[in-house]
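Colleague: Could you take a close look at the charged side chains of this model? Please also cover what surrounds them.

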Amino acid sequence: MNTNKNIAEKPRLLHVLVGAGRGGVERDALVLMERLLTVRHDAFVLGPDGPMTSDWKDSGAVVHIARQTSRWPLQISPCLKKYLERLKANQRLPDAAIVWHGMPKLPQILHLLSAYGIRTAIHGGNPAIGLSRLTDWVYCMLHRLYPPKGELPNYICCSKHVADSFHRSRYLRRFPTEVVPNGIEWPQAPADVKSVRTDKPFTIGMTARLSRIKDHATLLQAFAELRESLAHNGSQKSVRLELIGDGDQRGVLVQLCEDLNLNDSVRFVGEVDDVYGAMAEWDLFAYATTKHEGLGNAVSEAMAFGLPCVLTDVGPIRDFFDLRPDGPSVRLVPPFDSTAMASSLSELITDQAARFRLALAGQDLARERFHPDHYSRAYAELLGLPTGA
């Protein structure tokens, strides 16, 4: 650790982020800020301010918004350099740093942090499957221009699927990797899956950014097939689908709902502050995604909350969510197979005992693998910070 600081002060952990929007990475950082209480947290946001700033501050973190606008790839990050120089002058350099990747200037940032002797780790949330050859070449070029001093830092991947994908990248394959599943904000009051509510429609929900990485289209098609099947069988069961999240695919998905005549039973909720509050109205969780998925924090949250889950069998989903030795913890369906998803949804709608078994197994698995205390302890150990344990 740095010796140029007051020994009575907590160790300092610097979080370097692209922005402060309500994305998965920003929420991952918040969980660490809330749970790792043995250090002081400082957040340096390269881009504009956003809604997560207040959440980070509420956790006790000190937040600096740089509002950097230049994306010129050869330019080193001047705002970060000035920030570090100011900390050095005040003898308050951080003891460690996490770079929450997703930024175009990762090589320059690692170069800067290593120049100041700051122990660093990188958080990896998405697989390298979608990394273009051009982007990869740019990273390699910048790495040659701005080599980090000393050994390369650990790239902490949220799943083995993400770590294994690094072999596709000439830049990323050079990093040593560790796998630490993302921790989640733990629910205070899990759902009661034993209760059967007949005063409202059976509600299926999905939480995810409305982006191409996910596969809301298959879920919408499956929901249309589900409704048609229920009507064909003479069922009087009323069903509803709620989608939490927003993104650039919202318009496309709204149009698909219209094309499938689902406007009366599908609700686009948008962003919400209290995800668990919204989940409390759900009976079942569905998650349709693609091979570009890194982990799927929303699945961990749904399982911790006690919702039975139907998930696409891709990437880390099988690795993490179907591991119970005494039976599956979720229902898995093939990717892009709306009929298989509709069939699983239909079966669970009519089988409360199966929903209850999945809910209990899912809660146990979430507690073992995605509890925020496990997450914060693992990061602290990898960065050489006190865990408080």
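**Charges, strands and loops**

Modeller: Glu185 is partly exposed, because its relative accessibility is 45%. The model is predicted, so please read every value below as computed from predicted coordinates. Glu185 sits in the loop that links strand E7 (177-179) with strand E8 (202-207). Together with Glu34, Asp58 and Asp274, Glu185 forms a negative surface patch.

There is a positive counterpart. Arg144, Arg170, Arg173 and Arg174 make up a positive surface patch. Take Arg174 from that group. Arg174 lies in the loop between helix H6 (160-165) and E7. Its relative accessibility is 32%, so Arg174 is classed as partly exposed. The loop with Arg174 ends at E7, and the loop with Glu185 begins at E7.

Now for the paired charges. The structure holds 16 salt bridges. One of them joins Glu9 to Arg92, with the closest N and O atoms 3.2 Å apart. Glu9 lies in the segment before strand E1 (12-17) and Arg92 in the loop between helix H3 (78-89) and E4, so this pair ties together parts that are 83 residues apart in sequence. Glu9 has a relative accessible area of 25%, so Glu9 counts as partly exposed. Arg92 is partly exposed too, at 29% relative accessibility.

Another salt bridge links Arg12 and Asp42, at 3.6 Å from N to O. Arg12 belongs to strand E1 and Asp42 to strand E2 (residues 40-45), so the contact ties together parts 30 residues apart in sequence. Here both ends are covered. Arg12 is buried at 3% relative accessibility. Asp42 is buried as well, also at 3%. The cut-off for buried is under 20% relative accessible area.

A further pair is Arg250 with Asp246. Their side chains meet in a salt bridge of 3.8 Å, N to O. Arg250 is partly exposed, with a relative accessible area of 28%. Asp246 is partly exposed at 30%. As for shared partners, salt bridges join Glu9, Arg12, Arg40, Asp42 and Arg92 into one network. That network includes buried Arg12 and partly exposed Glu9.

Next, the loop that holds Arg92. Gln91 is in the loop between H3 and E4 as well. Its phi is near 55°, a positive value in a residue other than glycine. Most residues other than glycine have a negative phi. Asn261 also has a positive phi, near 60°. Asn261 lies in the loop between helix H8 (250-259) and strand E10 (266-270). With a relative accessible area of 59%, Asn261 is exposed. The cut-off for exposed is over 50%.

From the H3 loop, follow the chain into E4. Strand E4 (residues 96-100) runs parallel to E5, and 5 bridges join the two. Ala96 has Arg119 of E5 as its bridge partner. E5 spans residues 119-124 and is mostly covered, with 5 of its 6 residues buried. E5 also pairs with strand E6 (residues 154-157), again in the parallel sense, over 4 bridges. There, the bridge partner of Gly124 is Cys157 in E6. E5 therefore has paired neighbours in both E4 and E6, since two strands pair if at least two bridges are found between them. In a regular strand the side chains alternate between the two faces of the sheet.

Two serines give further reference points. Ser238 lies in the loop between helix H7 (216-232) and strand E9 (239-244). Ser238 is partly exposed, with a relative accessible area of 41%. Its C-alpha atom is 8.0 Å from that of Lys200, although the two are 38 residues apart along the chain. Ser344 is part of helix H12 (residues 338-350). Ser344 is buried, at a relative accessible area of 12%. Ser344 and Asp259 are 85 residues apart along the chain, and 23 Å separates their C-alpha atoms.

To recap the charges: the negative patch has Glu34, Asp58, Glu185 and Asp274. The positive patch has Arg144, Arg170, Arg173 and Arg174. The network has Glu9, Arg12, Arg40, Asp42 and Arg92.

How values were computed: Residues are numbered from 1 along each chain as its sequence is written. This is a predicted model: local features need pLDDT of at least 70, side-chain atom pairs count only at pLDDT 80 or more; totals for chains, interfaces and linings use all residues. Side-chain values use heavy atoms; hydrogens and water are left out. Patches are made of residues with over 30% relative accessible area and no salt bridge: like charges are joined within 9 Å, nonpolar side chains (Val, Leu, Ile, Met, Phe, Trp, Tyr) within 5 Å. Accessible areas come from the Shrake-Rupley method with a 1.4 Å probe; for residues, only the protein chains shown count as cover. A salt bridge is a side-chain nitrogen of Lys or Arg within 4 Å of a carboxyl oxygen of Asp or Glu. Lys and Arg count as positive and Asp and Glu as negative; His and the chain ends are not counted. The place of a charge is taken as NZ of Lys, CZ of Arg, CG of Asp or CD of Glu. Buried means under 20% relative accessible area, exposed over 50%, partly exposed in between (1.4 Å probe, protein chains only).
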